[in-house]
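Colleague: I am new to this model and would like a close look at a single part of it, the place where the two chains meet. Could you take me through that part slowly, giving the meaning of each term as you use it?

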Number of protein chains: 2
Amino acid sequence: MEGGSIYHMQLLKDKIRNDAKIIENRIIKVDNFLNHQLDISLFNEIGKEFKHRFANKEVTKIVTIETSGIAIASIVAQYFNFVPVVFAKKHAGINMTQDVYEAKIYSYTKEQEYTIKISKEFLTSNDKVLIIDDFLASGSALIGLINLLSQSDVEIAGAGVVIEKTFQEGRQRVLEKGIQLESLAIIDSIENGQVIFK
Amino acid sequence: MEGGSIYHMQLLKDKIRNDAKIIENRIIKVDNFLNHQLDISLFNEIGKEFKHRFANKEVTKIVTIETSGIAIASIVAQYFNFVPVVFAKKHAGINMTQDVYEAKIYSYTKEQEYTIKISKEFLTSNDKVLIIDDFLASGSALIGLINLLSQSDVEIAGAGVVIEKTFQEGRQRVLEKGIQLESLAIIDSIENGQVIFK
């Protein structure tokens, strides 16, 4: 665990152990509390923990990606002085301005590329951005978002993810960017339909 | 205002007056605080107000629709004893169970029909559901969600929307279902690029 935190998010690990559905010893489905039904109490514990992990960082904005990151980021923002949340849009409507930063992301789950967009007006030169997302696996989404943010003048304060699968290359890709990465539950492997935490 | 609330959500109205962009005297774009950048402090005031409006209702779950409703619903849930939030999915991934309730919704903005889905396991017979969404205009989205919920055994405790455009038929369609509807900012008309509140 980066930073030597004494917190362990036992509640989160218990939730994963008890409620996650493991598909093909590969996919961790957490629809029950993180991706479809949302456990707002747990999200508040997650918010406290991220505040602890990034206690020494100034944060003026939290940025996440549609859809799964939005609820988590919104609750987490309450622990960072209620800073605004901005989410990168995957499904930009016709009303969206054309004045956007964008990046392409390849989704291994959906086996297709998609484009994320953020209006330029919401990323300004005095912003110190904390990135929050639900999962880190291949790192495609997070790296895409970092590439998007790098087009603007914001400073990236760090990246916090709820669940990391260390057996994919995401962590290394984020650390190579020189960004502090904090994951609350780190899964080393999945064996016989059971998650093995680091 | 239904229920004779003495609250007026002046903060919300000020936000709309000062920050909303009016397009073609018809579309109210609130990307600055509600739909792209999210004002988490404002969402907390919204949560308090909905709690006030539905003070006499038992609520065990909050249900909303992807994407814009998710952040609001998550903050609002904190004022209803941190009940879980479930959001109807518009973009169901390949990992979604096939055991779902679904309903079709016609989007006037995007001029196309889409299907919303909720896993059956998250709507149970002892659930008393408060519906939360960002906008009420034609009522298509809300009626679609009500139709979806009606397939399950949940009881609908009420529906709360942040911004209502009364010059469309949404309110009437929801009230015909016998559901308590509470809107925090009711826009009577848009004239010369200015919103006129009720």
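Modeller: A good place to begin is an open sheet of 7 strands with mixed pairing, whose order is β11(A)-β10(A)-β9(A)-β8(A)-β4(A)-β5(A)-β3(B). Strands here are DSSP runs of E with at least two residues, helices are runs of H or I with at least four residues, and both are numbered from the N terminus; two strands count as paired if DSSP finds at least two bridges between them. The edges of this sheet are β11 (194-197) of chain A and β3 of chain B, each of which pairs on one side only. Before going further, please keep in mind that this is a predicted model, in which local features need pLDDT of at least 70 and side-chain atom pairs count only at pLDDT 80 or more, while totals for chains, interfaces and linings use all residues. Residues are numbered from 1 along each chain as its sequence is written, chains are lettered from A and ligands numbered from 1 in the order in which they are written, and side-chain values use heavy atoms, with hydrogens and water left out.

The link between the chains in this sheet is made by strand β5 (residues 85-88) of chain A and β3(B), which run antiparallel and are joined by 2 bridges. At this link, V86(A) stands opposite Q37(B) in β3(B). Elsewhere in the sheet, strand β8 (residues 128-136) and strand β9 (residues 155-165), both of chain A, pair in the parallel sense over 8 bridges, and there I132(A) stands opposite G160(A) in β9(A).

A second open sheet of 7 strands, again with mixed pairing, has the order β3(A)-β5(B)-β4(B)-β8(B)-β9(B)-β10(B)-β11(B). Its edge strands, each pairing on one side only, are β3 (37-38) of chain A and β11 (194-197) of chain B. Within chain B, strand β8 (residues 128-136) and strand β9 (residues 155-165) pair in the parallel sense over 8 bridges, with I131(B) opposite A159(B) in β9(B).

How the two chains are related can be seen by superposing them, which is done by least squares on the C-alpha atoms of residues with pLDDT of at least 70 in both. A rotation of 180 degrees, with 0.0 Å of shift along its axis, places chain B on chain A with an RMSD of 0.0 Å. The two copies are therefore related as by a two-fold rotation axis. Among the residues of chain B, A71(B) comes closest to that axis, its C-alpha being at 2.5 Å.

Turning to the interface as a whole, contact (heavy atoms within 4.5 Å) takes in 41 residues from chain B and 41 residues from chain A. The copies meet through the same surface, because 100% of the interface residues of chain B are also interface residues in chain A. Between them the chains bury about 3,500 Å², 57% of it on carbon and sulfur atoms, where buried area is the accessible area (1.4 Å probe) that two parts lose on being put together, summed over both.

Across this interface there are 17 residue pairs in polar contact, with both residues at pLDDT 80 or more; a polar contact is a pair of N or O atoms within 3.5 Å, of which, within protein, one must be able to donate a hydrogen and the other to accept it, and residues adjacent in sequence count only if both atoms are side-chain atoms. On the side of chain B that touches chain A, the elements giving two or more residues include β2 (27-29), α3 (40-53) and β7 (112-119) of chain B, while the largest share, 5 residues, comes from α4(B).

Salt bridges (a side-chain nitrogen of Lys or Arg within 4 Å of a carboxyl oxygen of Asp or Glu) number 3 between chain B and chain A, and a search of the whole structure finds 23 over all chains. In one of these, the side chains of K21(B) and E121(A) meet at 3.3 Å, N to O. This pair joins two chains, because K21(B) lies in strand β1 (residues 21-23) of chain B and E121(A) in the loop between β7 (112-119) and β8 of chain A.
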